[in-house]
Amino acid sequence: MAMAYTSWSLLSTRLFCTNKAKRYSSSLLSSTDLFCANKATAAAAPAATVLYCSSNCFCCACNGRRRDLWWSWSSGKHILRCLKQLQRNGTKARARASSVRWDNPSKRLLSTAASAVEVGGVTISRDEVVKEEDPTNNVPDTIFSKIGMQLHKRPDHPLGILKNVIYNHFDERYPGLFHKFDDLSPIVSIKENFDDVLVPSDHVSRSYNDTYYINSETVLRCHTSAHQGQMLRDGYTHFLVSGDVYRRDAIDATHYPIFHQMEGFRVFTPNEWEKAGLDGTTLAANELKETLEGLAKRLFGNVETRWTDSYFPFTDPSYELEIFFKEKWLEVLGCGVTKQEILTDNGQGGKTAWAFGLGLERLAMVLFDIPDIRLFWSSDPRFTAQFTAGQLGIKFKPFSKFPPCYKDISFWISDAFTENNLCEVVRGIAGDLVEEANVREEAQKKLNVILR
Ligand code: DAH
């Protein structure tokens, strides 16, 4: 059953909305134009204002339960009128207004975000990351405000527990050999994020639709592999890098625009492969498989493992490790033998290496029985108090505040529409209250979206 605390409904008000919305004003929970008051506005101006009120509201039959309401407006100048109207009608005045654009949902009229966050002792101000007027920036406040949270550094958080168990595995297998980094800034250059690890120039991950850009040269890292080049240039040959990574993505129980990865990297010298009587690539591949099979058993017990061939731009050969867990094969991580070019370009020519990358949430969801990725961000003690530092065996016990609540909505879109942009808008307004947003049908540029 869904763990929903979701209770948001779509509202059209007679007082504030124009023609199209008026038509639907009697059916509060049904279909209406969402972001633009009418078709003409939608075509002419993808910008629209959304008013959001997160308190008991006068106008929906919510029986006293909390409802989050939002509705469309064609221009920001009406916000104050809307707020006043809400207050007159008895809504507690905790309302927020923002302006969204399909081509860049990070643009907002009013902001309620934190002004600075800290990573690894360095303060990052909002102005450095969220640039509302810059067309090359697509970072919304919702993302910025999470940058300093570093869930993987909390020893009694499932992500911190898992990270430490993996660190212990490496410390026991290779005492004192691996350097660990877990507070490198997530703000990296496109060179680090893509070029250094040979991501092709036309790869989809480079698009504004998939990656959070601070400007045309700088991004929020979309994988911890972004640190491979710099680590090698700094002379590290054995390292583990853990951190938050950022991807514009769909909304559902297993996707969240921020998640956590751990990168592993080990360099081998000619001495090592000569001593082993193997060539450098074979030694790296054998040693990689042994290490990671050991790790899988450490995490999941004595499970069956298998290797499948894969593709990553930075490794050749590339593999995925799978385990047979709860009657099915589960993908655990991606890895491979590092391409020579990466080693040569970064001061480690003449050597070989292995690398792996794993998603901490993905594994923690399985290990702790956590059904929804958004729970990792919860500060509700009913979540946080369930876990203890060092204990991997704990199973999450579900809790629920409200029954699930489904809403079908439809609205007009402009050519600038993409599903990721929609999800960004939904997240910007309703945060984690929305469990899932699915585009149901696209006909003549009219979308039906299901939110729950
Ligand atoms: N960077 C990859 C991702 O985010 C994961 C990965 C795969 C990292 C293979 C590696 C690797 O270092 O060798 O999907």
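This is a short walk through a predicted model, with suggestions for what to select at each stop.

**Stop 1: the sheet**

Start by colouring the strands in the order β7-β11-β12-β16-β15-β14-β13, which gives you an open sheet of 7 strands with mixed pairing. Now pick out β7 (179-181) and β13 (304-312): these are the edges, and each has a single partner strand, so one side of each is left without a neighbour in the sheet. If you look across the strands, you will see a twist that averages 25° from one strand to the next.

**Stop 2: β12 and β16**

Select residues 258-268 for β12 and 352-359 for β16; the two strands run antiparallel and are joined by 8 bridges. A handy landmark here is R266, which stands opposite W354 in β16. Keep W354 in mind for a later stop.

Next, show the helices that lie on the sheet. Helix α10 (residues 280-300) touches β12, β13, β14 (315-325), β15 (328-338) and β16, and its direction makes about 25° with that of β16. Add helix α12 (residues 360-367), which also packs on the sheet: its contacts are with β12, β14, β15 and β16, and the angle between its direction and that of β16 is about 55°.

**Stop 3: the two hairpins**

Move over to β14 and show its partners on both sides. β13 and β14 run antiparallel with 8 bridges between them, and they form a hairpin with 2 residues in between. Within this pair, D309 has Y319 in β14 as its bridge partner.

On the other side, 9 bridges join β14 to β15, again in an antiparallel arrangement. Select T315 and you will find it opposite T338 in β15. These two strands form a hairpin too, with 2 residues between them; click on K326 in the turn, where phi is positive at about 50°.

How many of the residues of β14 are buried? The count is 8 of 11, so this strand is mostly covered.

Before leaving, bring up the side chains of Y319 and K289. The charged end of K289 sits over the ring of Y319, 4.2 Å from its centre.

**Stop 4: helix α6**

Select residues 158-173 to show helix α6. At 1.5 Å a residue, its 16 residues should span 22 Å, and the end C-alpha atoms are 23 Å apart, which agrees. Its buried residues include L159, I161, L162, V165, I166, Y167 and F170. For Y167, add K180 to the view: the charged end of K180 sits over the Y167 ring, 5.7 Å from the ring centre.

**Stop 5: the aromatic rings**

Now display the aromatic side chains; there are 18 aromatic pairs in the count. One of them is Y174 with F178, a tilted pair at 5.1 Å centre to centre with 50° between the planes. Both Y174 and F178 are buried.

Which residues share an aromatic cluster with these two? Select F170, W354 and F356, and the cluster of five is on screen together with Y174 and F178. F170 is familiar from α6, and W354 from its place opposite R266.

Finish at Y208 and Y213, a stacked pair with 4.1 Å between centres and 10° between planes. Is each of them buried or partly exposed? Y208 counts as partly exposed because its relative accessibility is 33%, whereas Y213, at 6%, counts as buried.

Definitions and conventions
Residues are numbered from 1 along each chain as its sequence is written. This is a predicted model: local features need pLDDT of at least 70, side-chain atom pairs count only at pLDDT 80 or more; totals for chains, interfaces and linings use all residues. Side-chain values use heavy atoms; hydrogens and water are left out. Two strands pair if DSSP finds at least two bridges between them. Helices (H or I, at least four residues) and strands (E, at least two) are DSSP runs, numbered from the N terminus. Axes are lines fitted to C-alpha atoms, for helices over the stretch in contact, and angles run from 0 to 180 degrees between N-to-C directions. Contact means heavy atoms within 4.5 Å. Rings of Phe, Tyr and Trp (its six-membered ring) pair if their centres lie within 6.5 Å; planes under 30 degrees apart count as stacked, over 60 as edge-to-face and the rest as tilted. Buried means under 20% relative accessible area, exposed over 50%, partly exposed in between (1.4 Å probe, protein chains only). A charge sits over a ring if NZ of Lys or CZ of Arg is within 6 Å of the ring centre and within 35 degrees of the ring normal. The expected span of a helix is 1.5 Å times one less than its number of residues.
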